[in-house]
Each structure stands twice: as C-alpha cells, then as structure tokens.
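Reader: I'd like to go through this model with you. Can you put it up first?

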Amino acid sequence: MIIVHDILQARENIEGVIHETPMLYSAQLSEICGNQMYFKGEHLQKTGSFKIRGATNKVKQAVKQGATFITAASSGNHGQAVAYIANQLGVSATIVVPVDANESKLNAIKAYGGTIEKCGTTSAERLPRAKVLAREHNGVFIPPYDDPFIMAGQGTIGLEILEQLECVDVVVVPIGGGGLISGILTAIKQTKPKVKVIGVEPQTANDTFLSLKNNKITAIPPTSTIADGLRTSQPGNMTYPVIQKYLDDIQLVSEDEIKQAQAFVLERMKQLIEPSSAVTVAAAINNKLGVKDKKVVCVLSGGNVDIRKLPYLSS
Ligand SMILES: *Cc1c(COP(=O)(O)O)cnc(C)c1O
C-alpha cells in the first residue's frame with residue numbers, strides 16, 4: 001500500500017505542471033444541505049480533470065527510467081491527461097480508444113499531441129492492445145488507477161484540501177476504479193484520521209459498494225451511467241485494500257440525482273462540471289451524508305462535458 005510519504009514525493013514531482021485548484025464555497029448549497037459546503041475545483045485543473053496529477057507522477061517516473069514512448073487505453077480524461085503530459089515531457093504517446101469514441105474527445109487527445117489508435121469497443125480489447133504496443137516500442141503503459149504512482153498523484157488533492165480548509169470535517173469523493181479515493185484516503189487518514197471520507201458511486205455502477213458489502217472485490221456486468229468516468233466493472237487490486245481499510249461510508253446516487261446536481265451547480269454556482277463530479281453534490285443535496293452543521297468538501301473531479309449534449313449551447 002502507498003503511504004503519505006509517496007504522496008509528498010508525488011507533490012514535488014508534479015509541482016509546476018498542475019494547478020493548485022481553488023476551494024469554492026456555496027452559501028446556497030450550505031443552506032440546502034444543512035452543512036457548510038465547500039468544493040475542491042478539479043474541474044478547473046489542467047486538461048479538465050484531476051487525472052493529470054497521477055498521469056504526471058507516473059509518466060515522469062517512466063521518463064526518468066528512460067522511456068521515450070507511452071501508451072494508455074482511454075478516450076476519456078485519463079487519455080487526455082497522458083497525451084498532455086507526454087507531450088510536455090517530449091515523449092510520444094499513443095492512446096488506444098474504442099472505435100466508437102466521440103469526435104470531441106478524440107480531438108482533445110490530438111490537440112494535446114497524442115496519436116490515436118482505434119481498437120474494439122470494450123476495455124477488455126483496448127487494455128491488452130495498449131500493453132502490447134508499449135512492449136513492442138520499448139515503452140511504458142500508463143494504467144488509469146491501479147498503480148502506486150497514479151494513486152499517490154491523485155492523493156495530492158487530499159494534502160491540498162487539508163491545507164486549504166484546516167478545520168474540514170467530511171470529504172466526499174467519487175469512486176470509479178478507486179485511484180482518486182485511495183490516494184485521498186491515504187493522505188487524510190495517515191495525517192488527520194478524524195476527518196471522515198465518504199465515497200459515492202452511481203446506483204448503476206455500484207461495484208465498490210458491492211465489493212465492500214461482500215467483503216471481497218466483486219465485478220459487475222457492463223453497465224451504463226451518465227457518469228462515464230465512474231463506469232468501471234470492479235475496483236482495482238491495489239486501490240480496493242485502501243478503500244476497505246479506511247473508507248467511512250459509501251453512498252449511491254441515481255441518474256436523475258446526478259443530472260439535477262450537475263444542473264444545480266451550473267445554474268447556481270456558475271461552474272461547469274461533468275456528471276462524474278456531480279455524484280458528490282448529488283449525495284449532499286439528497287441528504288445522504290448523514291452529517292449536520294459540518295464543514296464538508298465535495299471533490300469536483302472534472303469538467304469535461306460534450307457541449308453537444310447541452311442542447312441550447314450546441315445549436
Ligand atoms: C476518472 C474519474 C473519476 C474516478 O476516478 P477513479 O480513480 O477511477 O476512481 C471521477 N471523476 C472524473 C471526472 C474522472 O475522470
């Protein structure tokens with residue numbers, strides 16, 4: 001398991017590449033939720049999501065060991081982050097994406113200097129392809145969450161939260177493969193264990209919820225949710241033990257609750273966040289945190305939305 005020292009190291013490694021994102025506050029949401037509601041703004045992070053933190057830590061490590069070629073298997077935020085940092089560090093990156101990936105995502109990867117290879121429609125096809133490509137070109141495959149350098153990079157958010165809001169009581173974090181929350185849990189529980197950490201998943205992608213319930217890693221069949229960053233089938237072999245050891249609570253939110261929360265944040269807070277971020281706000285608005293009069297931080301993990309899905313703006 002990673003320790004807080006790995007996260008401090010990651011912080012040094014990624015300094016100068018990433019933004020220290022702002023801590024936002026909403027009086028309106030505080031009123032509605034009965035808590036003081038703060039928001040860690042990773043939707044304002046470079047490349048539009050926190051994924052750049054772990055990707056930078058991992059790709060820098062690979063480059064230090066001599067890598068000149070990087071691969072990843074993701075058309076989403078991880079793919080964009082890896083393409084961006086590889087370009088910054090002067091190594092080439094090939095991002096393996098599904099044949100049906102949407103153009104706006106592919107354009108973002110290309111704009112960051114990444115090469116695109118299309119392969120299949122499932123991660124079971126893409127992952128092995130990205131690994132083979134890496135091996136053939138003497139490169140390094142960058143996994144999306146199940147890796148100590150990725151987890152430590154994401155954990156730097158936990159350190160920033162503790163500094164920006166010293167008296168924080170509760171931190172609310174979305175769960176996909178668990179890289180983000182396992183990093184944040186390590187940072188918080190190894191320095192301020194009294195701070196409560198609550199994870200949130202979509203009802204339709206409840207693999208970590210089920211794993212905790214069954215007391216072992218449990219896979220779910222391919223699923224659909226508007227929160228595309230949380231659409232994993234099971235938590236990672238490295239992330240899950242951290243979650244199991246430290247997590248205080250896990251809550252589920254419905255697709256309607258996610259959409260309402262995203263719209264609320266746009267309309268009232270003037271912040272454009274993606275559905276995967278909105279799950280934390282959805283849990284707070286729908287009274288699922290089980291706390292009152294506390295200082296609560298919801299992690300807004302990313303802001304990459306396809307504006308063609310926001311009808312009025314896209315005409
Ligand atoms: C990847 C991602 C998540 C989930 O992170 P994991 O490390 O897979 O748990 C949450 N929100 C956004 C915006 C993401 O891109």
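Reader: Is Cys 167 buried, partly exposed or exposed?

Author: Cys 167 counts as partly exposed, at 44% relative accessibility. The cut-offs: buried means under 20% relative accessible area, exposed over 50%, and partly exposed in between, with a 1.4 Å probe and protein chains only. Before we go on, this is a predicted model, where local features need pLDDT of at least 70, side-chain atom pairs count only at pLDDT 80 or more, and totals for chains, interfaces and linings use all residues. Residues are numbered from 1 along each chain as its sequence is written, and side-chain values use heavy atoms, with hydrogens and water left out.

Reader: How many disulfides by the rule?

Author: Zero. A disulfide here is a pair of cysteine sulfur atoms within 2.5 Å. Cys 33 is in no disulfide, and the nearest cysteine sulfur, from Cys 298, sits 7.3 Å away. Cys 167 is in no disulfide either; its nearest cysteine sulfur is again that of Cys 298, at 16 Å.

Reader: Cys 33, buried or exposed?

Author: Buried, with a relative accessible area of 2%.

Reader: Switching to the ligand. Which residues come nearest?

Author: Lys 51, Asn 77, Gly 176, Gly 178 and Ser 301, out of 15 residues around the ligand. To be near, a residue needs one of its heavy atoms within 4 Å.

Reader: What is the make-up of that shell?

Author: Four nonpolar, nine polar and two charged residues. The classes: Ala, Val, Leu, Ile, Met, Phe, Trp, Tyr, Cys and Pro count as nonpolar, Asp, Glu, Lys and Arg as charged, and the others, Gly among them, as polar.

Reader: What does the side chain of Lys 51 do there?

Author: An N or O atom of the Lys 51 side chain is 2.7 Å from an oxygen atom of the ligand. That is a polar contact, meaning a pair of N or O atoms within 3.5 Å; within protein, one must be able to donate a hydrogen and the other to accept it, and residues adjacent in sequence count only if both atoms are side-chain atoms.

Reader: And which ligand atom does Ser 301 face?

Author: A nitrogen atom, 2.7 Å from a polar side-chain atom of Ser 301. Gly 179 uses its backbone instead: an N or O atom there lies 2.9 Å from a ligand oxygen.

Reader: How much of the ligand does the protein bury?

Author: 97% of the 380 Å² that the ligand exposes when taken alone. Those areas come from the Shrake-Rupley method with a 1.4 Å probe; for residues, only the protein chains shown count as cover.

Reader: New topic. Where is Gln 262?

Author: In helix H11, residues 255-269. Helices (H or I, at least four residues) and strands (E, at least two) are DSSP runs, numbered from the N terminus. Gln 262 is buried, at 13% relative accessible area.

Reader: What does its side chain reach?

Author: The side chain of Gln 262 reaches the backbone oxygen of Ile 273, at 2.9 Å. Leaving aside neighbours within four places in sequence, Gln 262 is in contact (heavy atoms within 4.5 Å) with Ile 273, Glu 274, Pro 275, Ala 278 and Val 305.

Reader: Glu 267 is in H11 too. Buried or exposed?

Author: Glu 267 is exposed, with a relative accessible area of 52%. From Glu 267 to Pro 241 is 38 Å, C-alpha to C-alpha, with their positions 26 residues apart in sequence.

Reader: What about Glu 160, buried or exposed?

Author: Buried, at 3% relative accessible area. Glu 160 belongs to helix H7, residues 148-164. Beyond four places in sequence, its contacts include Arg 11, His 19, Lys 40 and Arg 53.

Reader: Now Ser 26. Where does it sit?

Author: In strand S1, residues 23-26. Ser 26 is buried, with a relative accessible area of 6%. A polar atom of its side chain lies 2.9 Å from the backbone nitrogen of Leu 29. Not counting residues up to four places away, Ser 26 touches Met 37, Phe 39 and Met 269.

Reader: Last one. What is the phi of Asn 287?

Author: Positive, about 60 degrees, although Asn 287 is not a glycine. Asn 287 is in the loop between helix H12 (275-285) and strand S10 (295-300). Asp 293 is found in the loop between H12 and S10, and has a positive phi of about 55 degrees.
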